[in-house]
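Hi everyone, thanks for coming. Please have a look at the structure on the screen, and I'll walk you through a few parts of it.

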Amino acid sequence: MNYNQEIFPADITLLIQKCDVVILKIQEIFSSPECLIVKDLYKPDKGHKQKDFIQKLQVACNNTLNSKSKKENEVKGLYVFGELNNDGIVVAIYVGISRTVFRRLYRHTWGKKHNETSFSYLKAKHFSQHVGNRIDLAQDLLKAQQDKIKNYRLIVIPEINDYDLYFMEVYISGKLKTKWNSFKTH
């Protein structure tokens, strides 16, 4: 147990097996023609609609959006973006984790500020070869990447255990060789 009373896995091989099962699930869902597209999860004209999001993804809430809420209305877990390649195959390109997946995904695609939309910022920075402050990156470059992200396929895997969640992000992105993950410390 660590200083924060968090328990380490008794057998790390069980966690690796869990990750391998999740990888198979990701590959199965991405190969299905019914795999959801990010833009289909939200009703942009009506704002962020979690109820619709939950029903479409067929996931159960396991976390609260804020500490004042007593009702579980968010998902803590892993999310995976997939992109259709030239052969018509969906390839995993990014694995992310969040305590508030619905809000996080919304910000990736509709966020207004550079610090709200980190995935589109990363892509815009890369493609424009931007050097300098985040805030100086042109808004239209962020918007162009957000529009691309809206067309990605998406999978959400609920996970409440912090240790498992952090391990899964690194392990799964490494196994799937996701193009947009980096674990460089900052």
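Let's start with C35, which counts as buried because its relative accessibility is 9%. Here, buried means under 20% relative accessible area, exposed means over 50%, and partly exposed is in between, with a 1.4 Å probe and protein chains only. Before I go on, this is a predicted model, where local features need pLDDT of at least 70, side-chain atom pairs count only at pLDDT 80 or more, and totals for chains, interfaces and linings use all residues. Residues are numbered from 1 along each chain as its sequence is written, and side-chain values use heavy atoms, with hydrogens and water left out.

Back to the cysteines. How many disulfides does the structure hold? Zero, where a disulfide is a pair of cysteine sulfur atoms within 2.5 Å. C35 is in no disulfide, and the nearest cysteine sulfur, that of C19, is 20 Å away. For C61, the closest cysteine sulfur is in C35, and at 20 Å that is too far for a bond.

Now the helices. Helices (H or I, at least four residues) and strands (E, at least two) are DSSP runs, numbered from the N terminus. Two packed helices are described by the angle between their axes and the distance between the axes. Axes are lines fitted to C-alpha atoms, for helices over the stretch in contact, and angles run from 0 to 180 degrees between N-to-C directions.

Take helix α1, residues 12-30, and helix α6, residues 162-176: they pack at about 55°, and their axes are 10 Å apart. That angle makes α1 oblique to α6; angles under 35 degrees count as roughly parallel, over 145 as roughly antiparallel, 65 to 115 as roughly perpendicular and the rest as oblique. Among the residues in contact (heavy atoms within 4.5 Å) are L15, C19 and I26 in α1, and F167, Y171 and I172 in α6. By class, this contact of α1 with α6 has 13 nonpolar residues, one polar and four charged. For those classes, Ala, Val, Leu, Ile, Met, Phe, Trp, Tyr, Cys and Pro count as nonpolar, Asp, Glu, Lys and Arg as charged, and the others, Gly among them, as polar.

Next, helix α4 (residues 118-128) packs with helix α5 (residues 139-149) at an angle of about 120°, their axes 8 Å apart. The contact of α4 with α5 has seven nonpolar, four polar and two charged residues. One residue to find here is Q145, in helix α5. Is Q145 buried or exposed? Q145 is buried, because its relative accessible area is 6%. Leaving out residues up to four places away in sequence, Q145 touches S120, K123, A124 and F127. Over in α4, the residues F119, S120, Y121, K123 and A124 are buried, and the buried residues of α4 pack against β1 (77-84), β2 (90-98), α3 (101-110) and α5.

For a strand, look at V156 in β3, residues 153-158. V156 has a relative accessible area of 6%, so V156 is buried. Beyond its neighbours within four places in sequence, V156 is in contact with residues including L57, V75 and L105.

Last stop, phi angles. Most residues other than glycine have a negative phi. Q58 has a positive phi, near 55°, and sits in the loop between α2 (50-57) and β1. Q58 is exposed, with a relative accessible area of 72%. Q129, which follows α4, also has a positive phi, near 55°.
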